[in-house]
Amino acid sequence: MEYVQNGTVPHFADYEQLVTGLGYKLVDLQVIRQKTQRLIKAVIYSKNGVGIDDCSKVHRALLARAEVLLNSQDIQMEVSSPGLNRVIKNAAEFQAFVGETIKVMEVSCSDWLEGELIAADSAKISMKTSGGEKNIPYRDIKKAKLNKI
C-alpha cells in the first residue's frame, strides 16, 4: 500500500483546517477539473458518525472556501461519510481511523487480520489484535478497510 502525504493533494491543507474546525476529520479529497467547472469530492469522518446534516454543514463551509481558493463560482461539490466498510486507498487515511476496528490483509497472507488501530505514521500501522499488538509496514499491506459495526 502506498503512503501519499495528504499535503501533496491540492488544497488539502486548506480544507482540512476548515473541516477539523467543524469537528470532523478530512479523510479524502479530490479536486477534478472538468470542462468549465471543478468537481470537489470530500470524505469526512467523526467517531460519532456522519449523517446528512453533518455533510450539509461541511458542504456549505467547503463550498464557500472553494469559491475563494479556486476563484470560481462554477464548482460542484460532494461531501460524504467513509461508510461502514470503507476500503482504505491511501495509507495516510489510517491516521483518521485510530481507535477504530479495521481489517488488514497482508501481502504474505490470504486471511483478514482484524483489530483496533492504535497508531499510524508515515511508515506503518500498529494494531491490537486477539493475538497481541502487531506492527505492519505499509509495503506489507495488500488491502485494508474500516470495519465499523
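These are my notebook entries on a predicted model of one protein chain.

**Entry 1: the overall chain**

I began with the inventory: the chain has 2 helices and 8 strands. Reading from the N terminus, I get the order α-β-β-α-β-β-β-β-β-β. The radius of gyration comes out at 16 Å, close to the 15 Å from the globule rule for 149 residues, so the chain is as compact as a globular protein of that length. I also looked up the extents of the C-alpha trace, which are about 55 × 30 × 20 Å along the principal axes.

How much of the chain counts as buried? I find 36% of the 149 residues. The exposed area is about 8300 Å², with 47% of it supplied by carbon and sulfur atoms. For contacts between residues at least 6 apart in sequence, 53% join residues at least 24 apart.

**Entry 2: the three-stranded sheet**

Next I went to the sheet with the order β1-β2-β3, which is open and has mixed pairing. β1 (25–33) and β3 (75–80) are the edges; each has a single partner strand, so one side of each has no neighbour in the sheet. From one strand to the next, the twist averages 15 degrees.

I took the two pairings in turn. β1 runs antiparallel to β2 (residues 38–45), and 8 bridges link them. A hairpin of 4 residues makes the connection from β1 to β2. To find my place on screen I used L26, whose bridge partner in β2 is I44, and D28, which stands opposite V43 in β2. β2 and β3 pair in the parallel sense, over 6 bridges. Here my marker was K41, with E78 as its bridge partner in β3.

Why do I call β2 largely enclosed by the rest of the structure? I do so because 7 of its 8 residues are buried.

**Entry 3: the helices on that sheet**

Which strands does each helix touch? Helix α1 (residues 12–21) packs on the sheet β1-β2-β3 and touches β1 and β2. The direction of α1 makes about 140 degrees with that of β1. Helix α2 (residues 52–69) also packs on this sheet, touching β2 and β3. For α2 I noted an angle of about 145 degrees with the direction of β3.

**Entry 4: the five-stranded sheet**

I then traced the other sheet, which is open and holds 5 strands in the order β7-β6-β5-β4-β8, with antiparallel pairing. Its edge strands are β7 (132–137) and β8 (141–146), and each of them pairs on one side only. The twist in this sheet averages 40 degrees from one strand to the next.

I picked out one pair for a check by residue. β4 (residues 101–106) and β5 (residues 112–120) are antiparallel over 5 bridges. M105 has W112 in β5 as its bridge partner.

**Entry 5: cysteines**

How many disulfides does the model have? I get a count of 0 disulfides, with the rule asking for a pair of cysteine sulfur atoms within 2.5 Å. I also looked up how covered two of the residues are. C55 has 14% relative accessibility, so I put it down as buried. C109 is partly exposed, as its relative accessible area is 34%.

Methods. Residues numbered from 1 in each chain as written. Predicted model: local features only at pLDDT ≥ 70, side-chain atom pairs only at ≥ 80, totals over all residues. Heavy atoms only, no water. Buried < 20%, exposed > 50% of the residue type's maximum accessible area, 1.4 Å probe, protein only. Pairing = 2+ DSSP bridges. Axes fitted to C-alpha atoms, helices over the stretch in contact; angles between N-to-C directions. Rg over C-alpha atoms; globule rule 2.2 N^0.38 Å. Contact = heavy atoms within 4.5 Å. Areas by Shrake-Rupley, 256 points an atom, 1.4 Å probe, with all protein chains shown as cover.
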